[in-house]
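Colleague: Could you walk me through the unusual backbone geometry in this model? I have the sequence and the coordinates open.

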Amino acid sequence: MELAELLLTSTHGIAFTGAGISTPSGIPDFRGPQGLWKKYPQELSSASYLKSDPRGFWEFYAFRLRAMDSVSPNPAHYALAELERMGLIKYVITQNIDGLHQDAGSRNVIELHGTSRRFYCEECGRQFERREVLEKVQGGELPPRCQCGGLIRPAVVLFDEPVHRIGEALAIAQESDLVLVVGSSLTVYPANLIPQVVKENGGRLVIINMVETPLDHVADLVIRERVEEVLPKTVKRVKEIVGLSN
């Protein structure tokens, strides 16, 4: 059965997205051949490193912050938003922190690893938008500080910190009869439990990824094509089947 038919025959489909959906937008992935963790140690993005060497942490994070400042959603993001508007995708559960799903129009987004759009002071809890922090960093303030003197940090899940909203995401997975894995290596725990739970509860598993994943052998459909091409074609095919024009 093709992807469009799987979507149309499901009653509670969800999408589970990883870094691979955002690489066409110009954001490097983490574990691919040219991934971020091939060039830098993961420890640079850990809570313990932030605590031990705030300046070193921010020297690394500043470059990631600048890289995400000018990116835009790509056709894969827009396609998932369209599938949500059509009622075929109920939630997007993402490992990404870039906010591109929301920019594309997705409304029910669960960000397991937080967001790079917001920051907060570790001392007083004051919230900061990305533009404010980027201005501090570009002005040479490393690490950026709050007016109270406290250290500003990103509202993301760093290594050695617990994942956000995992209980909510797992509950949604238990109710779902279809999960589209889009651009994820499925190697990061506990996020990779989401598609497993859907499959174990009798749902269908579709994996759209350019390289193999640990769940390929149990998937109902594996698509080794570019996500920014597959998903728009799928939306078009869904509309053809149900008799809708573009």
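**Backbone outliers, one by one**

Modeller: Gladly! Please keep in mind that this is a predicted model.

Colleague: Where is Pro143 found, given that the peptide bond from Leu142 to Pro143 is cis?

Modeller: The Leu142 to Pro143 bond has an omega near 0°, hence cis. Most peptide bonds are trans, so a cis bond is worth a look. As for its place, Pro143 sits in the loop between helix 7 (130–138) and strand 6 (152–156).

Colleague: What is omega for the cis bond from Tyr189 to Pro190?

Modeller: Let's place it before giving the angle. Pro190 lies in the loop between strand 7 (178–182) and helix 9 (193–200). The peptide bond that joins Tyr189 to Pro190 is cis, with omega near 5°.

Colleague: Is Asp160 buried or exposed?

Modeller: Asp160 belongs to the loop between strand 6 and helix 8 (166–175), and its phi is positive, near 75°, though the residue is not a glycine. Most residues other than glycine have a negative phi. Exposed means over 50% relative accessible area. Asp160 has 53%, so the word for Asp160 is exposed.

Colleague: What is the phi of Arg165, and how does its accessibility count?

Modeller: Arg165 is placed in the loop between strand 6 and helix 8. Arg165 is not a glycine, yet its phi is positive, at about 55°. Partly exposed lies between the cut-offs of 20% and 50%. With 40% relative accessibility, Arg165 therefore counts as partly exposed.

Technical notes:
Residues numbered from 1 in each chain as written. Predicted model: local features only at pLDDT ≥ 70, side-chain atom pairs only at ≥ 80, totals over all residues. Heavy atoms only, no water. Helix = DSSP H or I, 4+ residues; strand = E, 2+ residues; numbered from the N terminus. Buried < 20%, exposed > 50% of the residue type's maximum accessible area, 1.4 Å probe, protein only.
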